[in-house]
Amino acid sequence: MPLLIRTYLFFTFIFSALSYLIIYLRLWSGKEDQDRFKEKLGQYERDRSNSKLIWFHGASVGETLSIIGLIKEITKINDKFEFLITSGTKTSSQILSMRMPKNAVHQFVPIDTPGAVKLFLKHWRPDFAIWIESEVWPRLLIETSKTKIPMWLVNGSMSLRSYKKWRYAPLSMQYLYNKFEKVYLRDERSAGFLNQLGLSSENFNVYGSLKADQEKLEFRKSDLKELKKGLKEKRVWVASSTHPGEEEIVLKAHKDLLKVDKNIFLVLVPRHPERGKELMKLALSLDLKGSLRSQSKKINSTDQMHIADTLGELGLWYELTRVSFIGGSITKNGGHNPYEAILADTFIIHGPETFNFEEIYQKFDEGNFGKKIINSEQLFQEVLNLFNKDKVAICFTKAKELIASDKKKIKTLANQIHDRLKGT
């Protein structure tokens, strides 16, 4: 075992009590689920069923939602399986509760301490463990490997930022990744990084992105009808999954758009809905009139924008528009899921920081199905150009054709998981 891994395990053992204190401090500040925070300590109220249990783990919203389609495909093959989905964020739990299949349950992943991890594995006793993307906790991975159950990494990825960090500890990376029986990567860039870090190409496959095979986001038709009634003839654009530092750029661009056409309307969807009131203050400071979704389901005739500070309604906002800015791409968050917008026939504008989905964003830009911007002036110009462009609809079809190559693979993967589980 590499020295860095041994050091990590030692310190997470020594400071276990501190980890528990941090959970309680986060609970006090509202960052943890008041009813379920003990799950992170390895204390679970739900009982494990007697069926074979496939455990999926992802860090947050995007990772966990990407496996819903895979769960459905596995269920088509064998409806006797049960599924456990773990993640670490309160938001992921809330959104999953709206979309999760009936044969799946969500629980919070235990903190990476000896007690919490062992309690988790003792309680749930998974028959198959599948990690999603790059969410690898050393102790959880090592202790799970001791159970001798199959462990796969699916939709695996490695960003340039992660690669630069792992360069200082390649043996530790090799040690952890070699715990997986199979590694399915979503792009060639990640494969290149793993190769450079010393992992043999025999240990992984480039499979494509699971997110390309997700379903179109759902929405209530009654909500859409009500919103269209309030918007009337307004031309709507959406800024989704935005982070601090991006909203200022979006709002400044929108203010310039209103100078050109008062009928242009912005729906701002922050990545973290609890920031709604903060963003309303920012909008008011720029003399923009708007409303909060959490306070009113209706849009007023005097509104120039709407802040969508609710969970689970992104499909509704995408349905209202054909032009969207995808957040997390001007700030260094790596850009958020572009597939959801494409499936809703929405043209994509994004910033330069798209390392989470670098390959697909690059393909969109090269095919003129997406546009990269770096400031409010460019954002203003691109939104205006797209509103005045007659052939935007053609882009949607071509963009869907572009991601079609990544689709359908999910059925093959579901069969492989099913066949492997039969052999356990």
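In what order do the seven strands of the open sheet with strands 3 and 7 at its edges lie, and is their pairing parallel or antiparallel? In this predicted model, the strands follow the order 3-2-1-4-5-6-7, and the pairing is parallel. Strand 3 (104-108) and strand 7 (205-206) each have a single partner strand, so one side of each edge strand is left without a neighbour in the sheet. Within this sheet, strand 1 (residues 53-57) and strand 4 (residues 128-132) run parallel and are joined by four bridges, and His57 stands opposite Trp131 in strand 4. Helix 4 (residues 68-77) lies across strand 1 and strand 2 (82-87), and its direction is at about 170° to strand 2.

Another open sheet of seven strands, likewise with parallel pairing, has the order 10-11-9-8-12-13-14. Its edges are formed by strand 10 (290-292) and strand 14 (370-372), each of which has a single partner strand, so that one side of each is left without a neighbour in the sheet. Neighbouring strands of this sheet are turned against each other by 20° on average, direction ignored. Strand 10 is joined to strand 11 (residues 305-307) by three bridges, the two strands running parallel, and Leu292 has Ile307 in strand 11 as its bridge partner. Helix 12 (residues 247-260) packs on the sheet through contacts with strand 8 (235-242), strand 9 (264-270), strand 11 and strand 12 (323-326), its direction making about 170° with that of strand 9. Helix 13 (residues 276-285) also packs on the sheet, where it touches strand 9, strand 10 and strand 11, and its direction makes about 175° with that of strand 10.

Aromatic side chains form 15 pairs in the structure. The rings of Phe11 and Phe15 have centres 5.9 Å apart and planes at 5°, which is under 30 degrees, so this pair is stacked. Phe11 is partly exposed, with a relative accessible area of 43%, and Phe15 is partly exposed at 40%. For Tyr184 and Tyr207, the ring centres are 5.1 Å apart and the planes stand at 70°, so the pair is edge-to-face. This pair links distant parts of the chain, with Tyr184 in strand 6 (residues 182-185) and Tyr207, 23 residues apart from it, in the loop between strand 7 and helix 11 (221-231); both tyrosines are buried. Ring pairs further link Tyr44, Trp55, Phe120, Trp124, Trp131, Tyr177 and Phe180 into a cluster.

Charged groups also sit over aromatic rings: the charged end of Lys40 is placed over the ring of Phe108, 5.4 Å from its centre, and that of Arg186 over the ring of Phe357, 5.0 Å from its centre.

How values were computed: Residues numbered from 1 in each chain as written. Predicted model: local features only at pLDDT ≥ 70, side-chain atom pairs only at ≥ 80, totals over all residues. Heavy atoms only, no water. Pairing = 2+ DSSP bridges. Axes fitted to C-alpha atoms, helices over the stretch in contact; angles between N-to-C directions. Contact = heavy atoms within 4.5 Å. Phe/Tyr/Trp six-rings, centres within 6.5 Å; stacked < 30°, edge-to-face > 60°. Buried < 20%, exposed > 50% of the residue type's maximum accessible area, 1.4 Å probe, protein only. Lys NZ or Arg CZ within 6 Å of the ring centre and 35° of its normal.
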